[in-house]
Amino acid sequence: MSEADRHPESQGEHLEKDIQLDFQKEMSYGDYLHLEQILSSQHRLSHHHDEMLFIIIHQTSELWMKLILHELHVAIQCIQRNDLEPSFKMLSRVSRIQQQLIQSWSVLTTLTPSEYMEFRDKLGHSSGFQSYQNRLIEFALGQKNAQSLAVYQHQTELYERMVKALHEPSIYDAAISALAAQGLPVEERALQRDWAKNYEPNESVEEAWLTVYRNTEQYWDLYELAEKLVDIGNQQRLWRFNHLTTVERIIGYKKGTGGSSGVSYLSKIVEQPFFPELLSLRTKL
């Protein structure tokens, strides 16, 4: 053994004396994060090098989606209590997380069509369309589709969770109730609607938001809430658009592994706006 091996500090590795080194009876960084479980969950079904990229991109996306749902659920509760300010931090965080998800598509675009075809058949009928967390995010943002729940029927507990989420008010429903709570006239049919149905624009809601935007000092908290929602809606559409262009770049106009029309289906989804009155009011303002 060399002198450098016996004395690593001679190579510049000077550890502070209070740094914890013995974890026989202590919780370590890896223990806290369950890293062994996380890092052993990438199981390639082919021998192709690039399948690892494909798996990790989707797994990390699901982790970010979990955090989005964590933030959205509490933000909705705050808004329902008419306690808007705490929700602003959560919604800002959601927007930043969405930026991470949008950026992830640029990493996936390093996968070429030829490389993807080496393992695409291993996916069977599994598809991002089946991501229940992505579906829950859509529900939380007000886009409901009861038919989409059919793909979860083989998992009873998950299916029940999805049905429950379908029938809960979205963050936009909570925001509309906040308008009424501050005395702005909103039709009852917009306040007491069937939460399981996709949100449809309402003229009284648009007029209420117009009042907010024309009197920002009086309704500053509602105004800020509206802009936070616009940020999230725009980021979600950008994520969808980047998804579309990535799919187009890698598989062209092939059908999706889950049976969808692929790019054609994604194009229709991109066109669906979130929080419609917050966009339409801009023409009238």
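This passage walks through a helix pair, a cavity, a covered helix and one buried valine in a predicted model.

Two helices make a good starting point. Packed helices are described by the angle between their axes and the distance between those axes. For helix α11 (residues 203–214) and helix α14 (residues 276–284), the axes come within 9 Å and cross at roughly 60°. The crossing of α11 past α14 is right-handed. On the α11 side, the contact is made by Val205, Glu206, Trp209, Leu210, Tyr213 and Arg214. Helix α14 brings Glu277, Leu278, Ser280, Leu281, Arg282 and Lys284 to the contact. Sorted by class, the residues of this contact come out as six nonpolar, five charged and one polar.

Helix α14 turns up again around a cavity. Searching the whole structure for cavities of 30 Å³ or more gives one hit, and the largest cavity has a volume of about 50 Å³. Its lining is made up of Leu229, Val230, Gly233, Asn234, Arg237, Phe274, Phe275, Leu278 and Leu279. The elements giving two or more residues to that lining are α12 (220–251) and α14, with α12 supplying the largest share, five residues. Six of the lining residues are nonpolar, two are polar and one is charged. Leu278, then, belongs both to the contact of α11 with α14 and to the cavity lining.

Next comes helix α7 (residues 132–140), which is mostly covered, with eight of its nine residues buried. The buried ones are Gln133, Asn134, Arg135, Leu136, Ile137, Glu138, Phe139 and Ala140. Among the elements that cover them are α4 (51–80), α8 (156–166), α9 (171–181) and, once more, α12. Just past the end of α7, Gly142 has a positive phi of about 105°.

Last up is Val270, which sits in helix α13 (residues 263–270). Val270 counts as buried because its relative accessible area is 15%, below the 20% cut-off. Setting aside neighbours within four places in sequence, the contacts of Val270 are Arg237, Arg240, Phe241 and Leu244. One of these contacts, Arg237, also helps to line the largest cavity. As for Ile79, it lies 191 residues from Val270 along the chain, and the C-alpha atoms of the two are separated by 27 Å.

Note on methods. Residues numbered from 1 in each chain as written. Predicted model: local features only at pLDDT ≥ 70, side-chain atom pairs only at ≥ 80, totals over all residues. Heavy atoms only, no water. Axes fitted to C-alpha atoms, helices over the stretch in contact; angles between N-to-C directions. Helix = DSSP H or I, 4+ residues; strand = E, 2+ residues; numbered from the N terminus. Left-handed = near helix turned anticlockwise from the far one by under 90°. Contact = heavy atoms within 4.5 Å. Nonpolar A, V, L, I, M, F, W, Y, C, P; charged D, E, K, R; others polar. 1 Å grid on protein atoms, 1.4 Å probe; cavity = no way out; pocket = protein on both sides within 12 Å on 5 of 7 lines; lining within 4 Å. Points joined across faces, edges and corners; volume = space filled by probe spheres on them. Buried < 20%, exposed > 50% of the residue type's maximum accessible area, 1.4 Å probe, protein only.
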